[in-house]
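Visitor: Please show me the chain, and then I will put some questions about its fold.

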Amino acid sequence: MKIEEGVALARLTTIGTGGAARAFARPSSLPELERALAWAAERGLPVAVVGLGSNVLAADDGVDSLVLRLVGELAAVRVEGEQLRAGGGATNAVCLHHARTAGLGGFEFACAIPGTAGGGVWMNAGAYGSDWSGILLRVRVITVDGDGWVTPAELGLSYRHSELHHGQVVAEVEYGLARRDVEAIKARVAELVAQRKATQPTNRRTFGSVFKNPQHELGAGRMLEACGLKGYRIGGAVVSPMHANFIENAGGATTANALAVMAEARRRARERFGVDLRHEVELLGPISVE
Ligand SMILES: Cc1cc2nc3c(=O)[nH]c(=O)nc-3n(C[C@H](O)[C@H](O)[C@H](O)COP(=O)(O)OP(=O)(O)OC[C@H]3O[C@@H](n4cnc5c(N)ncnc54)[C@H](O)[C@@H]3O)c2cc1C
């Protein structure tokens, strides 16, 4: 396993912004992951994992951490009875493929979530009324101090939130699924993907939903649309003309551009609706949303 310097996070995030990671490695087995964590600890460097980077905004000036992307055995998937065991770096697309081939249902809701098992756990990702908390059996978490399995209850999962913190690496995930007819799985996935394409900018560079839905009759998207934000642009960051809770990289966007758009969105939502929107996207590095 090589530890590289100066790898641009813009290459590792779906929005395509972000400066360099102080150090970057792709561990492909548990011993490699443990070595990487020890390497960082010896240097006093924080550790952050990036899955598909589909929910991440990284600082333009770079991130003073060891950034990891899990590959190889740590991204492998296998089916055992009605359980799907996935490495923390396994993509949802590959998990869904294995589940469908084995005639296991329950994971269809994740078909349009472009992330990994680890990112899903961290975010308690979800869609169409289901989320990770509903399918997780247990999760293997590795830190520099050890290795252990935790239950969904111990992860403190709630709406797009877990109690995990950087330095805790989701190395393996066990999903509990149920027997389902393969054709029924395919039909449900096709229906959800079509629904997605009709309502969200799936062919643009984004990081998914910008803000969590507030406790309000309007979701974040409708609220920001009512604030006149569709098409609002700073630099290369544009509020999607299709769905106001997405920011697109229209070319040359920086993280600072996206954060400035988010600050304006928050300002308008507060002014018009008295609502303090909370961001769903994870921030890496010394950055914040005003
Ligand atoms: C077009 C689009 C549509 C989307 N739709 C949805 C949706 O419907 N529902 C939804 O919930 N989200 C959605 N998202 C957001 C995103 O895909 C999910 O949050 C996804 O679960 C993130 O997974 P990831 O592997 O890309 O994680 P990343 O974005 O890489 O990371 C997210 C967080 O998880 C941490 N993390 C990632 N992997 C690990 C690991 N192995 N161990 C420890 N920590 C880890 C990271 O450090 C970071 O804090 C969408 C994004 C896009 C671009």
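The questions below go from the whole chain to single strands and residues.

Guide: This is a predicted model, in which local features need pLDDT of at least 70 and side-chain atom pairs count only at pLDDT 80 or more, while totals for chains, interfaces and linings use all residues. Residues are numbered from 1 along each chain as its sequence is written, and side-chain values use heavy atoms, with hydrogens and water left out.

Visitor: How many helices and strands does the secondary structure of the chain come to?

Guide: Helices (H or I, at least four residues) and strands (E, at least two) are DSSP runs, numbered from the N terminus. Counted this way, the chain comes to 7 helices and 18 strands.

Visitor: What is the radius of gyration of the chain, set against the globule rule?

Guide: The radius is taken over C-alpha atoms, and the globule rule is 2.2 Å times the number of residues to the power 0.38. For 290 residues the rule gives 19 Å, and the chain is close to that, so it is as compact as a globular protein of that length. The C-alpha trace spans about 50 × 50 × 30 Å along its principal axes. The radius of gyration of the chain is 19 Å.

Visitor: What share of the residues in the chain is buried?

Guide: Buried means under 20% relative accessible area, exposed over 50%, and partly exposed in between (1.4 Å probe, protein chains only). Of the 290 residues in the chain, the buried ones make up 49%.

Visitor: Among contacts between residues at least 6 apart in sequence, what percentage joins residues at least 24 apart?

Guide: A contact means heavy atoms within 4.5 Å. Once pairs are restricted to residues at least 6 apart in sequence, the share that joins residues at least 24 apart is 65%.

Visitor: Which strand pairs with both E2 and E3 in the parallel sense?

Guide: Two strands pair if DSSP finds at least two bridges between them. E2 (residues 20-25) runs parallel to its partner over 4 bridges, with Ala25 opposite Leu68. E3 (residues 47-49) has 3 parallel bridges to its partner, where Val49 is matched with Leu68. The strand is E5 (residues 63-68), of whose 6 residues 5 are buried, and the name asked for is E5.

Visitor: Which residue of E2 is the bridge partner of Ala8?

Guide: E1 (residues 7-8) and E2 run antiparallel, joined by 2 bridges. The partner of Ala8 in E2 is Ala20.

Visitor: Which strands stand at the edges of the open sheet of 3 strands?

Guide: The sheet has the order E15-E16-E17, with antiparallel pairing. Each edge strand has a single partner strand, so one side of each is left without a neighbour in the sheet; these are E15 (233-234) and E17 (247-249).

Visitor: Is Ser29 buried or exposed?

Guide: Ser29 lies in the loop between E2 and helix H1 (30-43). Leaving aside residues up to four places away in sequence, Ser29 touches Glu73 and Leu74. With a relative accessible area of 11%, Ser29 is buried.

Visitor: How many Å apart are Ala125 and Val139 in space?

Guide: Ala125 sits in the loop between helix H3 (117-123) and strand E9 (126-127), and at 10% relative accessibility it counts as buried. Its contacts, not counting residues up to four places away, include Phe109, Trp132 and Arg160. Ala125 and Val139 are 14 residues apart in sequence, and their C-alpha to C-alpha distance is 15 Å.
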